[in-house]
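Grab a pencil and work through these exercises one at a time. Each task comes with a solution in small steps.

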Amino acid sequence: MKPLFEKIEKNFGSSFTVRKYQELDICTKPFWHIHPEYELVYIKNGHGKRHVGDSITTYTEGDLILLAPNVPHACFSNHIHPNNFEVVIQFEKDFAGKGFWNMPEMTGIKQLLNRAIQGISFGKNVRSKLENDIILLSSEQGFARFTLLIQILHELSMTENFELLRANMSSLLVKSHDYSRINRVYDFIEANFQQALSPEEVADHIHMTLPAFCRFFKRTTEKTFTTFLNEFRVSHACQLIIEGSYTMSEISELCGFQSASYFNKQFKKIVDSTPSEYRSSIIKVLTHQQQ
């Protein structure tokens, strides 16, 4: 699914961009967007939803994620925690000069950047280790800023404390004239997923026949409309479970599922655990965090 293009403006006097957002000054971008720069995002704490390519997942204790150029993603919805901040680093492939990553000393970083095509989420240990450097990067200038970014990338290339989000890059093969149409579909799902929602309604919304819409949606997302809708609803359910303010019955209803049994079935299929098991795992994480 290809999103809206976002133009990244470099910081004055720098070959790349670093922006820091604190507390209520959250990062706001086009909801579903794309740009030709690598993007490294650090969220100190909080929890929210990641939508990268056709991968929809959640995080619970902050996040550190690296994306390659032209990987579509949504703004990382973050529920604010006290003393929260977010740092966004964006750099072009050749920001350090053509051939820079081909130097023998850069082999590890080059491999890291190649892996980022799938989206990489780094674990708590590496986030804690690099927190001070990432914060410092937002205030450093000149050569010190440049070398610090290289050092951060080097540390990321050395760690095994990460997981691949496995965003399906074949979903990028969308013609330019389909951009606005698929964004209208996504916006319509976002606005109506809590209600009964049929592919006929979406097709009518974007003025397509049902067969044409089904072919278009499967071609752009490599998923059926029903599969995508269920994944979207389950991702939202994970967020509500993390918040801890609702019963499972309420969550099922708030996410648009017509029955608790269907909610449980789809949740198990997508998350590989039942909603109750997922809630128990979140409670364990939060309890450990408070100790």
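**Exercise 1. What covers the buried residues of α2?**

Begin with the cover: it includes β2 (17-22), β4 (38-43), β7 (63-67), β10 (85-91), β11 (120-122) and α3 (142-158). Helices (H or I, at least four residues) and strands (E, at least two) are DSSP runs, numbered from the N terminus. Contact means heavy atoms within 4.5 Å.

Before going on, note that this is a predicted model, where local features need pLDDT of at least 70 and side-chain atom pairs count only at pLDDT 80 or more, while totals for chains, interfaces and linings use all residues. Residues are numbered from 1 along each chain as its sequence is written, and side-chain values use heavy atoms, with hydrogens and water left out.

Next, find the residues being covered: in α2, V126, R127, L130, E131, I134 and L137 are buried. Buried means under 20% relative accessible area, exposed over 50%, partly exposed in between (1.4 Å probe, protein chains only). A helix has 3.6 residues a turn, so residues three or four places apart point the same way.

**Exercise 2. Compare the lengths of α2 and α7 with what is expected, and find the kink in α2.**

Step one: the expected span is 1.5 Å times one less than the number of residues. Step two: α2 (residues 124-137) has 14 residues and reaches 19 Å between its first and last C-alpha, close to the expected 20 Å. Step three: α2 has a kink of about 50 degrees, centred on L130; the bend is the angle between axes fitted to the seven residues ending at a residue and the seven starting there. Step four: α7 (residues 225-243) has 19 residues that should span 27 Å, and its end C-alpha atoms are 27 Å apart, which agrees. Right after α7 comes G244, with a positive phi near 70 degrees.

**Exercise 3. Which residues touch the most other members of the largest nonpolar core?**

First, the term: a nonpolar core is a set of buried Ala, Val, Leu, Ile, Met, Phe, Trp, Tyr and Cys residues joined through side-chain atoms within 4.5 Å. The largest one has 43 residues, and I89, F91, W101 and L156 touch the most other members. The largest share of this core, six residues, comes from α3.

Now zoom in on I89. Leaving aside neighbours within four places in sequence, its contacts include Y38, I134, L137 and L149. Apart from this core lies another, of 19 residues, among them V202, I206, M208 and F217.

**Exercise 4. How many residues of α7 are buried, and which aromatic pairs involve this helix?**

Start with the count: 16 of the 19 residues of α7 are buried. T227, in α7, is partly exposed, at a relative accessible area of 34%.

Then the rings. Those of Phe, Tyr and Trp (its six-membered ring) pair if their centres lie within 6.5 Å; planes under 30 degrees apart count as stacked, over 60 as edge-to-face and the rest as tilted. The whole structure has 20 aromatic pairs. One of them joins Y186 and F232, edge-to-face at 5.8 Å centre to centre, with 75 degrees between the planes. Y186 sits in α4 (residues 179-192) and F232 in α7, so the pair ties together parts 46 residues apart in sequence. Another edge-to-face pair, F217 and F228, has 5.5 Å between centres and 80 degrees between planes. Here F217 is in α6 (residues 210-221) and F228 in α7.
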